[in-house]
Amino acid sequence: MAKTSSTSGTHSSSSKKKSQKEYTGRQKAAIFLVTIGSEISAEIFKYLREDEIETLTFEIARLETIDADQKDAILQEFQELMMANQFISTGGIDYARELLEKSLGSQKAIDIINRLTSSLQVRPFDFIRRTDPAHLLNFIQQEHPQTIALILAYLEPNKASIILQNLPNDVQSDVARRIATMDRTSPEVLREVERVLEKKLSSLSSEDYTAAGGVESIVEILNLVDRASEKQIIEALEDEDPELAEEIKKRMFVFEDIVMLDDRAIQKVMREVDSQELAKALKSVDTEVQDKIFRNMSKRAAAMLKEDMEYMGPVRLKDVEESQQKIVSIIRHLEDTGEIVVARAGEDELVV
């Protein structure tokens with residue numbers, strides 16, 4: 001009996017050991033692909049390099065029999081890693097750790113985060129992504145304008161716009177100019193600025209030079225600030241750097257944004273626009289923009305415009321863009337004079 005019991009215990013121990021077998025990352029990936037089936041695996045292969053496909057194919061060919069528990073454990077691991085990656089993308093490292101701890105426990109959360117961040121490059125100032133803009137404003141408004149510009153360039157545009165419009169008037173344009181003329185920032189400078197916020201710091205700095213700022217960045221931010229702040233900043237920039245101000249103004253409202261205007265505003269714009277310029281401007285836009293214009297014209301005028309577009313033939317893209325820019329200039333002039341209202345994100349819809 002004792003011998004039988006010993007044999008049984010040895011078998012049980014061996015079985016347990018087998019179920020806890022450690023696989024390499026490549027082997028786990030191979031098991032994962034086999035488990036999810038050939039159709040989905042084929043779709044995944046489309047996103048892999050040739051050498052990665054060869055490696056995985058080799059690992060799949062070498063696979064031995066895998067029991068259900070091992071498959072389940074590997075699928076669970078992939079699910080947890082994907083979930084953690086999604087949390088990091090949504091709200092940063094701290095946010096991911098907090099949610100993972102609630103669902104998986106502290107140690108498991110730490111293990112998963114460490115595995116991901118060992119090869120993950122986290123965007124500078126990631127740790128303030130979930131910080132309330134009003135709180136952040138109080139924290140940074142006394143900093144040098146270049147420091148503020150660097151922080152805003154890395155923030156989401158909707159948060160950056162709230163902070164920018166609440167800065168003192170004399171600081172707003174300075175910060176806007178610095179964002180627009182910003183190019184690349186070294187890791188040393190980023191780390192130094194992050195140190196200013198070190199009490200909230202819990203992210204990893206990228207060792208690569210990272211690009212932020214530029215005209216597109218400040219345009220995206222200015223498109224979200226209130227009209228009064230935008231006007232004040234643009235006017236100040238016109239005095240300090242007229243060429244930069246003009247470049248920013250050109251990009252503030254693109255032609256396709258005409259769909260945001262109400263019918264009355266579009267009709268006012270149409271009265272100021274040359275029909276040939278309008279025909280050229282509509283050549284490269286989608287049907288939504290065209291339909292918005294046609295609906296705000298008489299049937300006869302719309303028919304004539306369509307006919308002009310048809311008989312105009314091919315038009316150089318440069319000429320189309322020039323016509324669109326002329327119409328955008330008219331729209332901005334009408335807005336500046338108060339004849340039309342351009343809806344902006346974050347503004348109240350009430351018009352009096």
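## Salt bridges, a charged patch and a nonpolar core

The side chains of aspartate 319 and arginine 316 meet in a salt bridge, with 3.2 Å from N to O. Arginine 316 counts as exposed, because its relative accessibility is 56% and the cut-off for that class is over 50%. The model described here is a predicted one, and the salt bridges in it come to eight.

Side chains of opposite charge can pair when their charged atoms come close. Three of the pairs are set out below.

| Acidic residue | Basic residue | Closest N and O atoms |
|---|---|---|
| Aspartate 319 | Arginine 316 | 3.2 Å |
| Aspartate 174 | Arginine 177 | 2.8 Å |
| Aspartate 174 | Arginine 178 | 2.9 Å |

Aspartate 174 takes part in two of these table rows, forming a salt bridge with arginine 177 and another with arginine 178. Aspartate 174 and arginine 177 both lie in helix H11, which spans residues 169-180, and they are three residues apart, about one turn of the helix. Arginine 178 and aspartate 174 are also separated by about one helical turn, because they stand four residues apart in helix H11. A network of salt bridges links Asp174, Arg177 and Arg178 with Glu240.

How do the members of these pairs in H11 differ in exposure, buried or partly exposed? Aspartate 174 has a relative accessible area of 17% and is therefore buried, since buried means under 20%. Arginine 177, at 26%, is partly exposed, whereas arginine 178 is buried, as is aspartate 174.

A further group of charged residues forms a negative surface patch, made up of Glu256, Asp286, Glu288 and Asp291. Glutamate 256 is placed in the loop between helix H15 (242-252) and helix H16 (263-272), and with a relative accessibility of 33% this residue counts as partly exposed.

In soluble globular proteins, nonpolar side chains tend to be buried together. The largest nonpolar core of this model has 36 residues, of which Leu152, Leu164, Val175, Ile218, Leu222 and Ile248 touch the most other members. The elements that give two or more residues to this core are helix H8 (133-140), helix H9 (145-154), helix H10 (157-165), H11, helix H12 (187-196), helix H13 (215-222), helix H14 (227-240) and H15. The largest share, seven residues, comes from H9. Helix H11 thus appears in two parts of this account, as it holds both aspartate 174 and arginine 177 and is also listed among the elements that contribute to the core.

Note on methods. Residues are numbered from 1 along each chain as its sequence is written. This is a predicted model: local features need pLDDT of at least 70, side-chain atom pairs count only at pLDDT 80 or more; totals for chains, interfaces and linings use all residues. Side-chain values use heavy atoms; hydrogens and water are left out. Patches are made of residues with over 30% relative accessible area and no salt bridge: like charges are joined within 9 Å, nonpolar side chains (Val, Leu, Ile, Met, Phe, Trp, Tyr) within 5 Å. Accessible areas come from the Shrake-Rupley method with a 1.4 Å probe; for residues, only the protein chains shown count as cover. A salt bridge is a side-chain nitrogen of Lys or Arg within 4 Å of a carboxyl oxygen of Asp or Glu. Lys and Arg count as positive and Asp and Glu as negative; His and the chain ends are not counted. The place of a charge is taken as NZ of Lys, CZ of Arg, CG of Asp or CD of Glu. Buried means under 20% relative accessible area, exposed over 50%, partly exposed in between (1.4 Å probe, protein chains only). A nonpolar core is a set of buried Ala, Val, Leu, Ile, Met, Phe, Trp, Tyr and Cys residues joined through side-chain atoms within 4.5 Å.
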